[in-house]
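Please go through this model with me, setting each value against the definition behind it.

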Amino acid sequence: MKMTMMQHFSELRRRILWCLCVFAFSFCFGWIVSQHVEFFLTLPLLNIWHNATLLYTGITDGLMIQLSLATLVALVITVPVLLWHIWAYIAPGLHKNEKQFLIPIFVLSPILFMLGVAFAFYILFPFVFRFFLEMNEAANLPVVLLPAVTGYLAFAVSLLKVFGLAFQLPLVLIGLNRVGALSKQSAIKSRRYVIIGVFVLAAMLTPPDVVSQIVLALPMWLLFEISILFMREDA
């Protein structure tokens, strides 16, 4: 049954209100658990630096950290709900082949993002933090390392976002292949340039040490090779 323009706007408003309500309740939940989230995010550092002491540099640091972490929790919970509402809104107007193209994107995108986040948290972080600790301990000056909590959390969350977005690479490449913008043979022929490109991109997105750059570049290269396996020959 076709809907009028006003009915479309009414449904869109209803779905937006649902997402806003989910965000509001998720923010309240995030506010309650923010201290646990803060402790969890610092675990990779605490596990390799047993006598760690983190520093609050301002009187409002505790409040601002709690606000930012509550917002982060709210976004993590709300984004899958938002994607579902977007799909539910546009699906009735799509053809069968369009649905077959978009369903894997809506399903796999959050999964790949969380895989990238988990990879950064459990594999990259220990390498990166150990590198920085050893660099500071090797200093010839009598220094005391007291990282600011706000700086650490901003650094950690930014790296998690980078890896989450980097793991979207297969969806982008396969999507381009399915719409005819990238053939499988073209992707194979450009492999050498892609390898150079992922290492350059890794150098731009990660801290200035070789280990973290390699740890980001290698999975991106692997994701590129996996993407080729799922590309169509006749695209």
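Q: How much area does the protein expose, and which atoms supply 72% of it?
A: This is a predicted model, in which local features need pLDDT of at least 70 and side-chain atom pairs count only at pLDDT 80 or more, while totals for chains, interfaces and linings use all residues. Residues are numbered from 1 along each chain as its sequence is written, and side-chain values use heavy atoms, with hydrogens and water left out. The protein exposes about 14,700 Å², and carbon and sulfur atoms supply 72% of that area, as computed by the Shrake-Rupley method with a 1.4 Å probe.

Q: What makes a residue count as buried, and what percentage of the protein does so?
A: Buried means under 20% relative accessible area, with exposed over 50% and partly exposed in between (1.4 Å probe, protein chains only); of the 235 residues, 33% count as buried.

Q: Why is a set of residues called a nonpolar core, and which members of the largest one touch the most others?
A: The name applies because the residues are buried Ala, Val, Leu, Ile, Met, Phe, Trp, Tyr or Cys joined through side-chain atoms within 4.5 Å. The largest such core has 37 residues, of which Leu41, Phe125, Leu153, Leu160, Phe163 and Leu216 touch the most other members. A second, separate core of 6 residues includes Leu182, Phe224, Ile228 and Met231.

Q: Which residues is Leu41 in contact with, leaving aside its neighbours within four places in sequence?
A: Contact means heavy atoms within 4.5 Å, and Leu41 is in contact with Leu69, Phe121, Tyr152, Leu153, Val157 and Leu160 once those neighbours are left aside.
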